[in-house]
Structures are given as C-alpha cells and as structure tokens.
Amino acid sequence: MQWFDPLDRLIESLNKKGNNQNSKPARYTELHQDGRLSLYFNSLEEEQAGMYTCKGNYARNVQLSKSVTIDTIIAITWENAPTNQYPILGEDFDIHCQVRARPSPSVDWLFNGEVIKTNNHYIINTYSLKIKNVQKSDDGVYICRASVQTTGELQERPIHVEVHIRPTITEFTKPIDVIEGENADIRCNGTGKPPPVITWVKSLTQQNLSITDRFGVDPVSGILTITNVKREDSGEYQCMATNAAGTATATTQINVIIKPKIMEFLNKTVVEGKSVEIQCKAFGRPPPKVSFRKFTLDKPYADGAQSEDDRIIVRNEPDNMSSDVTIGILSITDVLTDNDGLYECVAENTGGVAYMNGHLTVEFPPSFSSTMRNVTWSWESKPINLTCEAESIPNATIRWTLHEQKIDNDAYIQQFGNGPISNLQIRPIDRRYYTHYKCIAMNTHGTRERMIELREAAKPGELLSVKMAEITATTIRFDLQPPIHPDLPVTTITVQYKEELHTWQNAKNKTWSIGTLYVIEGLKPQTPYDFRFAGRNEVGLGNFGNFHREITPGRTVPKDPRILTTPGSEYEQSPYNHQYELSWVTPPDNGEPIDKYLIKYCQIRRVAGEWDVIQETCQSIDVKSQRTRQFLKDLKYDTFYIVELQAHNVMGYGKPGYVKIRTAREPFSIHSESTGTEDYSNAGDTCKTGVAITAAVMLLSLAI
C-alpha cells in the first residue's frame, strides 16, 4: 500500500531504509505490524489541505484505492496589526489590522465601546480602518475584532492611536547683528507632537552645529549659542524642528558686527596760513562713521563746514580698496596758530567706538609774548634782566643789538639763552646804559624785532593831594592821592605825625597800603598835630612833604554806631519768629571810653505810606561796652520793629543808629495731645538752640 498527496505524488514511508528516524519529514507514512499503513503530518500546514489517496494491490492484480479529504483550520492570526500607530493631524490615515484565519474571518472595529461604521469620517477597508482628516479627538484605543463563525473563534486586538502634529517653528530670531568677540544666542522654538528636536546647520557648509567647535545647540529650547563670535560666522543659518510627523525649517541671517579699529591717524605739520587735510582711516563692519574733536573743545566737529568757523570741514569717504574702511578727513584752510594742538579721531559703528589721538603742528614765524615789558627800570647800578620771549614753531633763535651793533666785549652786558627765551643782564654803571636795546628773533618762517628800553628809576615825589576827611577827639581820617608813576607804582604811603610843640625826631609813623582807609587813631583831644607824608615804590621811600596841621576837637559823646545791615534793603528780615540778632561796629569814643550801649526797640506799622511807632510796645536794653551784638527776644512773629542803638561814655549818649526789622512768619506748631491745642512754646527754644550752635561754630572757627 502507498499514500499519494493531492498532486498524486508518493508520500515516503518512514520505514524505508535510509530515512532518519530522529528527523521526521513534514508528512510520512508508517507501516504497522498488523499491516496497516498510516499517514502522518508532522506539522499540518494550510497548503497541505486536499484529497489524499491510499492505493494498494490485492492478490497482485486487483488494484484498490481509497481517498480522504483533509481540510485545515487556521486560528486567527494578526499579521499586520501594530499595537501603536501614529496618524498625523489633518491628514487621512489607515489604521492597519490584517488578520489571517481559516476559514476566513470577519473583522469589525470598535472605538470607545461603540462599533464603527463607514461614514464621512471612517472608511472600513479589508485590512484597515481609514480615518479621514485626522483630528486630536481621534486619539485613543481602537479595537480590531476578528471572528470565525465556523469555529466560533473570536479575538480582539487593541491598537493605541496617538495623533501626531507636524512641527512648526513658532519663535525665531530674525536677521541678527552680533558683535565680533562677544557671545550670541539665537532663538528657534518649535511646537509639535511629540515635541520636536531642534537642530541647526550653516546653510553654506551644512555643518551640524551641535558638534561644531564654538557652537552649541540646546535641542529642547532650540537656542543656538555662538561663543567668541568670529567674522567668518557671518552667513545664513537653518533651524530644523523634527519629530515623528516631519520636519519644519526656517532660515535666518547672522551679520557679524566688527568693532571699529583705527588703522591710521598720523601727526601733521603745516605752516600758518596754508591749508591742511588730516586723514583718519578706520576699519569696521558696517563701515564706521569717523568724527574729529580738538582736545580743547567739549564737542566733536559736525559733518560739513562748521557753523562757527567755516574754514574747518569734516567729511567721510569710502576706501577704494575695502568696503569696510572709512576715511575721515578734517580739512582746515587758512590755518591759524589756534588750530595747533591735539586732535582725537573717533570711529563709531553699532559694535562700539574706537579712539586715537594725533597732533597738528602749526609752524609760524616768531611773535613776542604779550607779557614782555617794553620798559624795564633800574637804579643805583642795580643789575637788571631784559627778557625777550619769542613764540614760534620751530623755536626761534634770539640775538641782541645795541645801536644796531652786535653787543661784544662789554663786561657789564651779558646774554643768557639764545631762544626761545633770552635774558640780557645789564649792570648800568653810568647813564650810557639807560637806552634802547633790540631783541631779534628768527626762524625758518621769518624774523621779528622788539625794542626794550632800560630806564633809570627814582623814588616817588610828593602826594598829589592831602585832605582831612573826618576828625574826632581821638581819630583822624585823610583822603590821599598818591603821586602818578606809570611803571613803578606807589605801593604804600607813610605818614609821620607829632604834636605841634614836639620835634620830628620824636614823631610817630604809620604806613598804609594804597586804597585802604587812611585813619590814625589814639590821638589826644583838643591837641594840635602836624602831619607829613611820603610814598614808597620799588626804589624806596620818597621824601616827606605835604605838610598838614589839624587840631583834634574836645572830649564829647561817642559817635553814632554803624549797624550792620543788608545794602539796599528797606528792612532786615529775621530768620527767627520771636527774636532778632542785632550787630554793629564800635564807633569812635571821642576821647572817653564807651562804657555801655542803649538799645530801644518798638513795634511799627505803616499808616498812609509812613511808619508809625506804637509807643506802648517800646522796650529798652542796656548792653556792656565790650559787646557788638545782642539778641532782641520775645518779639512777635511776622511783625515790624524799629531799633535804635546809642553808645554811652562819661560825656553822655551819642546819636543813635537806626534799623528796621521784620520777624519771620508764623512758626511751626506742635500739637499737644493732652489739650488738643497748638503749642508754640518750644519755637523760641529751637531758635535758641540754633543761636547756640551758630555761636559754637563761630568760636570753633576763631580757635582754628
């Protein structure tokens, strides 16, 4: 007997010699001892289904056969049904679920426990569920359910669907300027689902900047960091935001700003009256603006001609060799010596400012210093220097002549210095040396001459005028007019004075500086005095002359005191509310010492344009003679007073001095919580404290 497969191919027997008993084929036959021939399937496969026939010979010539049909049943198998699938928002997507089974299975879909049917949003295909125009709400778990009615088998396949969103770039740095040598951060922020990873490349080289020296990329925040920016970093850069749904790109331009650098600013020399151009070359990106400032000026020159001096013009020109270079030009026509000096070139662009100094030297012929004296004085063979100072560039050489002749072989004339300062030392032993000397200064641009006269000086003559201005029992004041001496002015005036019957050998002297008060004190009352005067200059004290005689009056009451007030003011304003500090100058005592002062003060008010004294408010104070100031207390605030001050000696009271005062306005108030009223009692104490502090400061100042 033998078994044949559906294609009528003989199926080998396991009992056949040569077959390995340990390695069985997919199908085989086996002959049993009782004569049965069995057909075995080692692992039944779907393609092995069909009709199998057993054939045999009976009595060697009778053929017998018997067929059997084998049907295979295949369990539900998930062939293309990933458990995680990712549609993209806004696009159509097929959720794959390919099922194999025998007999063929039926497949349906469930979402959120409900059976899905074909509609405007879903289309059920043989091996997939198509979602049209995917939305975020399509996120979730879909059930692919397969069943075989014949066998009753039922299986479900959960498929997790996560809607992905293509990346978009939401924040991006527009073309940016960065400064060479500094650090820069360029932003690129993207959104999407899942969150995108940010990468950067340089468009020209396609370098991955996350692994490039000096560059750093944060894949989450998207910040591109450039450390120590170099000028070759200029160019276009591309930011890419990538996730499972795709890639979004954006490009930006990085412009590297190169700080300005001054390449050349040379010193210049020009002759007075000529024209000059001072150039300053500066490099930078963008090309810098160049300006100029003279160090003696606060502000730089403006572009173009200067409004206050149109000889000076500033302009900028591009360099023909490099677009990053600016040539600043400062033009000056009809150059003056005032244009000489230090200049500052300033180059500026958005990256910063650069400075460099240069000097303009203006050469000019000699000119003589305005401080030079045309006349110099000497006397009594005193050696004297005639000084000649020439200002010029380059420095002038100086020589001297006398009567148009070079000065040689004169032991009494010697030259020190040949320029720019030269002194001619002269010892005038006789009148021949009192004459004119010529200073000659010379440089490459010209020659200048100056005559200096040496004159013989003399002591001052008599005063032009002597008048008695004021006399008391013990003092006298003169009005004096000193003699006129244009080059050696009178510096002091000395007076000798004596009583009429005394000799000049016993006279007293007093010396005043010119322009001070010419006052003599300590005279005797009712006494005739003789006075004579002499002026002094550099040469010495002149002869005494201008004889004058005066008789001092007898003893009498003191003169009226001079109260210290503000010039031009109708009244004095007190800084205090309830007091005023009165100050005065001690008056002449007229022969008897002052022993006290009387101060009288009264309230006044203006009536019909005149001041009216309120008699019932008057008060008086006696003050010791040593004092020259006194506080008037317990005054009313914001009130006018008239104050009289009289000096007293044994002869009586002198005439009074007057002053009007006004106290300060209403004082600050201190609220009393116990009474609920305004308390002014401490206001005077505040003033007293201020006075005490002022007095302490004054004493400290005097001590120092």
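**Exercise 1. Into which classes do the residues lining the second largest pocket divide, and how many are in each?**

Step 1: Sort the lining by residue class. Ala, Val, Leu, Ile, Met, Phe, Trp, Tyr, Cys and Pro count as nonpolar, Asp, Glu, Lys and Arg as charged, and the others, Gly among them, as polar.

Step 2: Read off the result. The lining of the second largest pocket has six nonpolar, four polar and six charged residues.

Step 3: Place the pocket. Its lining is made of 16 residues, and Leu297, Tyr301, Glu308, Asp309 and Ile312 lie nearest the centre. Strand β30 (residues 309-318) gives the most to this lining, with three residues. Strands here are DSSP runs of E with at least two residues, helices are runs of H or I with at least four, and both are numbered from the N terminus.

A word on the model: it is predicted, so local features need pLDDT of at least 70 and side-chain atom pairs count only at pLDDT 80 or more, while totals for chains, interfaces and linings use all residues. Residues are numbered from 1 along each chain as its sequence is written, and side-chain values use heavy atoms, leaving out hydrogens and water.

**Exercise 2. How much space lies in the largest pocket, and which residues lie nearest its centre?**

Step 1: Know the term. On a 1 Å grid over the protein atoms alone, a pocket is an open set of points where a 1.4 Å probe fits, with protein on both sides within 12 Å along at least five of seven lines; lining residues have an atom within 4 Å of a point. Points are joined across faces, edges and corners, and the volume is the space filled by probe spheres set on them.

Step 2: Give the volume. The largest pocket holds about 570 Å³ of space, and the second largest about 240 Å³.

Step 3: Name the residues. Of the 18 that line the largest pocket, Glu470, Thr475, Thr586, Pro587 and Pro588 lie nearest its centre. The lining divides into seven nonpolar, four polar and seven charged residues.

**Exercise 3. With which residue does Asp303 form a salt bridge?**

Step 1: Apply the rule: a side-chain nitrogen of Lys or Arg lies within 4 Å of a carboxyl oxygen of Asp or Glu.

Step 2: Find the partner. Asp303 pairs with Lys289, and their closest N and O atoms are 3.4 Å apart. This pair links distant parts of the chain, 14 residues apart: Asp303 sits in the loop between β28 (289-294) and β29 (304-306), Lys289 in strand β28.

Step 3: Set the pair in context. The structure holds 36 salt bridges.
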